[in-house]
Amino acid sequence: MKVGDIIKRKAKEYDKWCIQQNNINGYGLVLKREVKYLDKRSHTTPILTVYYCKTGKISTVAESLMELISETR
């Protein structure tokens, strides 16, 4: 995922909290993508800063928890 992509939280049909968050927040626009290092020997975690148009909120979330809806050109 990159800046400008439209995304939403991954949600399985039994995951009520994620489905509820998608209903409340709607789709998000990626504002920033950065890589956080957990420690010098560990894996990295891509973190997204996301703007939710429906609620006007800005949030940070791990990239692995999100799914791509529309890619920028």
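**Close-up views of a predicted model**

**View 1. Glu63 sits in the loop between strand 4 (57-62) and strand 5 (66-70).** The model shown is predicted. Glu63 counts as buried because its relative accessibility is 15%, under the 20% cut-off. A polar atom of the Glu63 side chain lies 3.4 Å from the backbone nitrogen of Met1. Met1 is also among the contacts of Glu63 once neighbours within four places in sequence are left aside. The others are Arg33, Pro46 and Leu48.

**View 2. Strand 3 and strand 4 pair in the antiparallel sense.** The pairing runs over 6 bridges. Ile47 has Ala62 of strand 4 as its bridge partner. The hairpin of these two strands has 4 residues between them. Here Gly56 takes a positive phi near 75°.

**View 3. The largest nonpolar core has 7 residues.** Its members are Ile7, Val30, Leu48, Val50, Tyr52, Val61 and Met66. Strand 3 (residues 44-52) gives the most to this core, with 3 residues. Leu48 belongs to this core and is also in contact with Glu63 of View 1.

**View 4. Val61 is in contact with other members of the core.** Leu48, Val50 and Met66 are among its contacts, leaving aside neighbours within four places in sequence. These three residues are listed in the core with Val61. Arg9, Pro46 and Ile47 are also in contact with Val61. Pro46 is in contact with Glu63 as well. Ile47 is the residue bridged to Ala62 in View 2.

Key. Residues are numbered from 1 along each chain as its sequence is written. This is a predicted model: local features need pLDDT of at least 70, side-chain atom pairs count only at pLDDT 80 or more; totals for chains, interfaces and linings use all residues. Side-chain values use heavy atoms; hydrogens and water are left out. Buried means under 20% relative accessible area, exposed over 50%, partly exposed in between (1.4 Å probe, protein chains only). A polar contact is a pair of N or O atoms within 3.5 Å; within protein, one must be able to donate a hydrogen and the other to accept it, and residues adjacent in sequence count only if both atoms are side-chain atoms. Contact means heavy atoms within 4.5 Å. A nonpolar core is a set of buried Ala, Val, Leu, Ile, Met, Phe, Trp, Tyr and Cys residues joined through side-chain atoms within 4.5 Å. Two strands pair if DSSP finds at least two bridges between them.
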